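The following exercises concern one molecular structure. Please attempt each task before reading its solution.

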Amino acid sequence: MSARRWWPFLALALLVGASAFPFYWAIVASLTPEARLFQDPSLFPTHIVTDHYRALFTERNFWLPVRNSLIVAGTTTAFCVSIGALCAYALARLEFRGKAALLGFVLAVGMFPQISVVSPLYLLLRELGLINTFPGLVLPYLTFAMPLTVWLLVGFFRQLPAELEEAAMVDGAGRLRAFWEVIVPLAVPGIATTAILTFVYSWNEFLFALSFTLGPERQTVPVAVALFRGQYQVPWGQILAAAVVATAPVTLLVLAFQRRIVQGLTAGAVKG
Amino acid sequence: MRGSERQSGIERQEARIAWTLVLPALLTILLVALFPLVWTFWESIHLHDLRMPWLGRPFVGVDNYLEALSDGRFREALGHTAFFAVTSVALELLIGLWLALALNRAFRGRGLVRAAVLVPWAIPTVVSALLWRFMFEGQHGIANTILVALGVLQGPAAWLIHPQAAWVPVILADVWKTTPFVALLLLAGLQNIDASLYEAARIDGASAWRQFRHITLPLLQPAIVVALIFRTMDAFRCFDLIYALTGGGPGTSTEPIALYTFNVLLQNLQFGYGSALSIIVFVVTFGLALLYIRFLGAELTGGRR
């Protein structure tokens, strides 16, 4: 075979290998006894133990951060998708003055660096007594999740043919009924993709969760994993077991919906 | 006459519906994002130290900003951020372009590849930081073992203890996590290029390199610019990765501005000064964001509505 024919395959093999190796290594290490972790690591596991996972859920009660993350990310997603869908429909399919400016505004807010609003949000949440509560996390999460949701949904609503609501309206349905009965059912795949992406971003968020929680009772998964400390040394076995657990749900979501997610990501970033 | 009146009546009604639909989301964004940002600015021109509440919040004008200019640790953090941004974004664009070209050709097994590529992007940044820290940790981490076995290193290196070497796992982790995203953006751009252009070039006897140089690169330029701005912006906001990988250390030798600002705010509780630093981060990132939006501007205002 000529060089031109095999180099793409070489590139792709390298890519898949490089992408997968850190995961493979984390899984191997999470099943390796603590004492052997830094002694002549071998690429293939020899002694498999599940101690780290057991310790993670019994001693560390890792269910707590998992539950917290599910609640916070779930609430954020539900709120953003329902409110955001209305907004996105108007921005994608209705004519009104100031539309382009609004779209630009939403996009701009989506790019705010999170650190630039940490100080007022902290003072505000402290004033409202919301530090270390679920609402105290969902509220800050809206800063990045709402613009993201609106932006992705606008992309999806635009892809539907323009004649759809017109036909419904000729049949006597009003704008809102046309939206609810014609557009929403057709946009379900797009809405689901948006929900998945918003959930993934909320699940992974770190800075706000670190800033606005005080202890394990409200910590989300990324914060709990990052703040893992042993009494004398870093408990790598448990950290990696936690990493595997933290990664599993998003990995499953991504693998199940990869085609749609790629569509949503590239449409949101490249096209208008 | 009457027809156009009715037309504008319908338009007005449509505008009213549109604003009603937009309002809840818009109010949310104003409340949780714009209002706090204005507040940050207000804090930044006042002295506000939560450890010294008796000082109150006196107005100090640009003092906090002047303090930032003469703050050595802040200037270093700015330098670290710039270094991190330039190095990681350059690597990501080069490798991403290579991968996108490969993905654009090979068809069989593309689903598998796309999945493999997406997973690092989708996992929490903190987790990816910890995976890479583990590989570079200690004398007998896997990175040292492999590098020594391959003969690249004479003996194990203390990556995380050395001020310069600590950047290696940081940049590798970022490249590992975000190159896939860059590749996907560029791939979307590649797929928009009309295949008949290559057809014509081949008939004219243009070499693969010339096709790449004169068709692919110019037509891919918009996607490249978008990826470039996007990634640079992200690199300037970088927080999670370094927090979990080096903690900004050893010492403060890998501390980026977002991490320094976080420390000033929530460790030192200097809210006035920390807010000034936040505003500086905001201005830099937002400058890049405006560039990006202007770049997309044509598509926002005109074209497909």
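**Exercise 1: The two domains of chain A**

Task. In this predicted model, how far apart do the C-alpha centres of domain 1 of chain A and domain 2 of chain A lie?

Solution. The C-alpha centres of these two domains are 32 Å apart. To locate the domains, note that domain 1 covers residues 1–49 of chain A, and domain 2 covers residues 63–270. Next, consider the contacts: seven residues of domain 1 of chain A are in contact with six residues of domain 2 of chain A. On the domain 1 side, the touching residues comprise four nonpolar, two polar and one charged.

**Exercise 2: The contact between the chains**

Task. Determine how many residues of chain B are in contact with chain A, and which helix of chain B gives the most to that side.

Solution. Begin with the totals: 86 residues of chain B are in contact with 84 residues of chain A. Then identify the helix: helix 1 of chain B, residues 2–44, gives the most to the side of chain B that touches chain A, namely 21 residues. Finally, sort that side of chain B by class: 62 residues are nonpolar, 15 are polar and nine are charged.

**Exercise 3: The largest nonpolar core**

Task. State how many residues the largest nonpolar core has, and name the helix that gives the most to this core.

Solution. The largest nonpolar core has 177 residues. Helix 6 of chain A, residues 135–159, gives the most to this core, with 16 residues. Among the residues with the most contacts inside the core are A:Cys87, A:Val225 and B:Leu277. Take B:Leu277 as an example: with neighbours within four places in sequence left aside, B:Leu277 is in contact with B:Ala68, B:Phe74, B:Ile257, B:Tyr260, B:Thr261 and B:Val264.

**Exercise 4: Backbone details in loops**

Task. Is A:Asn61 buried, exposed or partly exposed? Examine B:Leu269 in the same manner, and then locate the cis peptide bond of chain B.

Solution. A:Asn61 has 13 C-beta neighbours inside 10 Å and therefore counts as partly exposed, since the partly exposed class lies between 12 or fewer and 20 or more. A:Asn61 lies in the loop between helix 2 and helix 3 of chain A, and its phi is near 50 degrees, a positive value in a residue other than glycine.

B:Leu269 has 14 such neighbours inside 10 Å, so B:Leu269 counts as partly exposed. B:Leu269 is found in the loop between helix 11 and helix 12 of chain B, with phi near 60 degrees.

The cis peptide bond joins B:Gly249 and B:Pro250, with omega about 0 degrees. B:Pro250 lies in the loop between helix 10 and helix 11 of chain B.

Conventions
Residues are numbered from 1 along each chain as its sequence is written. Chains are lettered from A and ligands numbered from 1 in the order in which they are written. This is a predicted model: local features need pLDDT of at least 70, side-chain atom pairs count only at pLDDT 80 or more; totals for chains, interfaces and linings use all residues. A nonpolar core is a set of buried Ala, Val, Leu, Ile, Met, Phe, Trp, Tyr and Cys residues joined through C-beta atoms within 7 Å. Helices (H or I, at least four residues) and strands (E, at least two) are DSSP runs, numbered from the N terminus. Two residues are in contact if their C-beta atoms, placed from the backbone, lie within 7 Å. Domain bounds come from an automatic or database domain assignment. Ala, Val, Leu, Ile, Met, Phe, Trp, Tyr, Cys and Pro count as nonpolar, Asp, Glu, Lys and Arg as charged, and the others, Gly among them, as polar.
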